[in-house]
Amino acid sequence: MAKNLLQKVWDAHTVRQLPNGQTQLFIGLHLIHEVTSPQAFAMIRERGWKVAHPERTVATVDHIVPTHDQSRPFADALAEEMMTAIEKNCRDFGLKLQGLDSDHQGIVHVIGPEMGLTQPGMTIACGDSHTSTHGAFGAVAFGIGTSQVRDVLASQCLAMNPLKVRRIEVNGELPPSTYAKDVILAIIRKLGVKGGVGYAYEFAGDAIERMNMEERMSVCNMSIEGGARVGYVNPDETTFKYLQGKMHAPSGEAFDRATQWWKTMASDADAQYDDVVELAASEIEPMVTWGINPGQSVGVGESIPDPASLSGAESTSVQEALEFMGFDAGSPIAGTRIDVAFVGSCTNSRISDLREAARIVQGQKVASHVKALIVPGSRQVLEEAESEGLNEIFVDAGFEWRGAGCSMCLAMNPDKLQGREVCASSSNRNFKGRQGSPTGRTLLMSPAMVAAAAIAGEVMDVRQVECGV
Ligand code: SF4
């Protein structure tokens, strides 16, 4: 019977069906970091257990790592405690840690793919919501909670509820200056932040197929923001080419054998789906969020919605968002003054993101009232950017060039908004308080749009810079 990728990967990793309707799945790769692992290790210790598959467990440090001064001990005692804990836990349980002394330290969803750990047909788990990123390779990747981190450490298995599959087809040509970030923001706007509850999202269509792996990662990264449990793209030649030569990818004949198997894991042409949704790529424009969830977005040429034109819960949620943001209903989003510009996070901190931002800022100056940060997702991205001279372009323009980490995406480190600041951000969440200030305001957009906003000092249409629109 024809199957989609989710069904194939699910079946290949099923240990057994549980009496409560869940499936016990074997997890091929467990990625851990310093924030959601300490309690899980404590529970393992209490019971005298071991880590079942240390060779399938890889640790990094990202959330609490300062991106400015990384000398130890950290100024923040809690951050230092978490850092010390993951170092000890990895030592005690025999796990590989990509710590601050490693060339591969960085955001967990950036380093997995760049090290070749993330591969098609895998099941992957990590104690971070945006684990869906790894689905870009045709993996089924779950963001999990601390007790599930314990379960995977102890058994390399997870008990999971069955999922429906929605195929989201994006066909046609994306307009100039429109990026993967705009595609996923447009999808979430259309389907809602809860539209994907109970689903896996299969991203397909020729606009997705033309995307490179970094673009596919940006799309899959934000599946969770649309409520989907996982998101994936079927593996293809783009995937295989990206993996060839990566440190942990198979090599030689083993790579050829792996490629043959990876191909079989892609959805069959006549696979069945629980739902199919289509979007025309040509209708997507550069997107900006104006509210307090990633579904509250508009094209940069549009205006902020008016709750009076809506009804029921939708009207109430728009009203709440407008009150928090301090924006006027019906006013254009372009021209909104910003205080901070942030290019970073596991959504948009890879080399192609930095290249796009650098292209916009080259020879320009950051507006005098704007604090602007560029935070590479990993040491590898940082080194590649420096070898291309991108850091000099950013510094000349007035950006701060930082070390690798999550930085202002979640602000569990010194990079935080202050008071009511407005931040043009390439990250993935615009919830109240997300960037470190309970009253801070986040506008999500592509790295190119962040770069344009940093220069203009306000939200602007990047097409005016790039295409003279
Ligand atoms: S960059 Fe943000 S979303 Fe991504 S892993 Fe770090 S805190 Fe989580």
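Angles between helix axes that are under 35 degrees count as roughly parallel, those over 145 as roughly antiparallel, those from 65 to 115 as roughly perpendicular, and the rest as oblique. In the predicted model described here, the axes of helices α2 and α3 come within 10 Å and cross at roughly 40 degrees, and α2 and α3 are therefore oblique to each other. The crossing of these two helices, α2 and α3, is left-handed. On the α2 side the contact is made by Pro 38, Phe 41, Ile 44 and Arg 45, which meet Lys 88, Asn 89, Asp 92 and Phe 93 in α3. By class, the residues of this contact of α2 with α3 comprise four that are nonpolar, one that is polar and three that are charged.

Helix α2 (residues 38-47) also packs against helix α5 (residues 146-155), where the axes come within 8 Å and cross at roughly 50 degrees. The pair α2 and α5 is therefore likewise described as oblique, but here α2 passes α5 in a right-handed crossing. The residues of α2 that take part are Gln 39, Ala 40, Phe 41, Met 43, Ile 44 and Arg 47, and those they meet in α5 are Thr 146, Ser 147, Val 149, Arg 150, Leu 153 and Ala 154. Seven nonpolar, three polar and two charged residues make up this contact of α2 with α5. Phe 41 and Ile 44 of α2 are listed in the contact with α5 and also in the contact with α3.

An open sheet of five strands, paired in the parallel sense, follows the order β5-β4-β3-β6-β7. Strands β5 (96-98) and β7 (140-143) stand at its edges with a single partner strand each, so that one side of each is left without a neighbour in the sheet. Direction ignored, neighbouring strands of this sheet are turned against each other by 20 degrees on average. The parallel pairing of strand β6 (residues 123-126) with β7 extends over four bridges, and within it Thr 123 stands opposite Val 140 in β7. Helix α1 (residues 5-13) packs on this sheet by touching β6 and β7, and its direction makes about 80 degrees with that of β7. Helix α5, in turn, lies across β3 (29-32), β4 (57-60) and β6, and runs at about 130 degrees to β3.

A further open sheet is formed by four strands in the order β11-β10-β9-β12, again with parallel pairing. Its edges are occupied by β11 (230-233) and β12 (275-280), each of which has a single partner strand, so one side of each is left without a neighbour in the sheet. From one strand to the next, the twist of this sheet averages 20 degrees. Strand β9 (residues 164-171) and strand β10 (residues 199-204) run parallel and are joined by six bridges, with Tyr 201 in β10 as the bridge partner of Arg 166. Helix α1 packs on this sheet as well, touching β9, β10 and β11, and its direction makes about 110 degrees with that of β11. Helix α6 (residues 180-191) touches β9, β10 and β12 as it packs on the sheet, and its direction makes about 125 degrees with that of β12. Contacts of α1 are thus described both with β6 and β7 of the five-stranded sheet and with β9, β10 and β11 of the four-stranded sheet.

Two local features of the backbone lie in loops. A cis peptide bond, with omega of about -5 degrees, joins Arg 72 and Pro 73, and Pro 73 lies in the loop between β4 and α3 (77-93). Gln 156, a residue other than glycine, has a positive phi near 60 degrees and lies in the loop between α5 and β8 (157-160).

The ligand is surrounded by His 63, Ile 107, His 109, Asp 128, His 130, Ser 345, Cys 346, Cys 406, Cys 409, Leu 410, Asn 428 and Arg 434. This shell around the ligand divides into five nonpolar, five polar and two charged residues.

Note on methods. Residues are numbered from 1 along each chain as its sequence is written. This is a predicted model: local features need pLDDT of at least 70, side-chain atom pairs count only at pLDDT 80 or more; totals for chains, interfaces and linings use all residues. Side-chain values use heavy atoms; hydrogens and water are left out. Axes are lines fitted to C-alpha atoms, for helices over the stretch in contact, and angles run from 0 to 180 degrees between N-to-C directions. A crossing is left-handed if the near helix is turned anticlockwise from the far one by less than a right angle, and right-handed if clockwise. Contact means heavy atoms within 4.5 Å. Ala, Val, Leu, Ile, Met, Phe, Trp, Tyr, Cys and Pro count as nonpolar, Asp, Glu, Lys and Arg as charged, and the others, Gly among them, as polar. Two strands pair if DSSP finds at least two bridges between them. A residue is near a molecule or strand if one of its heavy atoms lies within 4 Å of it.
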